[in-house]
Amino acid sequence: MLKFLLGVAVGYVLGARAGHERYEQLVRTYQRVADHPAVQGAAGVVRARVDEAVHSAKGDQH
């Protein structure tokens, strides 16, 4: 989800030619969202589930 939001932000910046000021605003917003504890927690849960899925797909369960 986070990568999707980042992709949307980058696409907007490149597509709209909004200028450097808007780009900086988007970067600050992205950093605020990415650094939020709830987002960090959700990212950790997603990473753990992906790792579990990869290990089970390989047959390498611990």
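The following paragraphs describe the largest pocket, a nonpolar surface patch and a few residues of this structure.

The structure is a predicted model, in which local features need pLDDT of at least 70 and side-chain atom pairs count only at pLDDT 80 or more, while totals for chains, interfaces and linings use all residues. Residues are numbered from 1 along each chain as its sequence is written, and side-chain values use heavy atoms, with hydrogens and water left out.

The helices named here are DSSP runs of H or I with at least four residues, numbered from the N terminus. Helix H1 covers 2-16 and helix H3 covers 37-58, and helix H2 covers 19-35.

The largest pocket has a volume of about 330 Å³. A pocket is an open set of points on a 1 Å grid over the protein atoms alone, where a 1.4 Å probe fits and protein lies on both sides within 12 Å along at least five of seven lines; lining residues have an atom within 4 Å of a point. Grid points are joined across faces, edges and corners, and the volume is the space filled by probe spheres set on the points. H1 and H3 each supply at least two residues of the lining, and H3 gives the most, with 6 residues. Among the lining residues are Met1, Leu2, Tyr30, Val39 and Arg47. By class, the lining has 9 nonpolar, no polar and 2 charged residues; Ala, Val, Leu, Ile, Met, Phe, Trp, Tyr, Cys and Pro count as nonpolar, Asp, Glu, Lys and Arg as charged, and the others, Gly among them, as polar.

A nonpolar surface patch of about 940 Å² includes Met1, Leu2, Phe4, Leu14, Tyr30 and Val33. Patch residues have over 30% relative accessible area and no salt bridge (a side-chain nitrogen of Lys or Arg within 4 Å of a carboxyl oxygen of Asp or Glu), and nonpolar side chains (Val, Leu, Ile, Met, Phe, Trp, Tyr) are joined within 5 Å. Areas come from the Shrake-Rupley method with a 1.4 Å probe, and for residues only the protein chains shown count as cover. H1 gives the most to this patch, with 7 residues, and H2 supplies at least two.

Leu2 and Tyr30 belong to both the pocket lining and the patch. Tyr30 lies in H2 and is partly exposed, because its relative accessibility is 31% (buried is under 20%, exposed over 50%, partly exposed in between). Leu2, in H1, is also partly exposed, at 30%. Its C-alpha atom is separated by 28 Å from that of Gly59, 57 residues away along the chain.

Lys58, in H3, is exposed, with a relative accessible area of 66%.

Conventions. Patch = residues over 30% accessible without salt bridge, like charges linked within 9 Å, V, L, I, M, F, W, Y side chains within 5 Å. Buried < 20%, exposed > 50% of the residue type's maximum accessible area, 1.4 Å probe, protein only.
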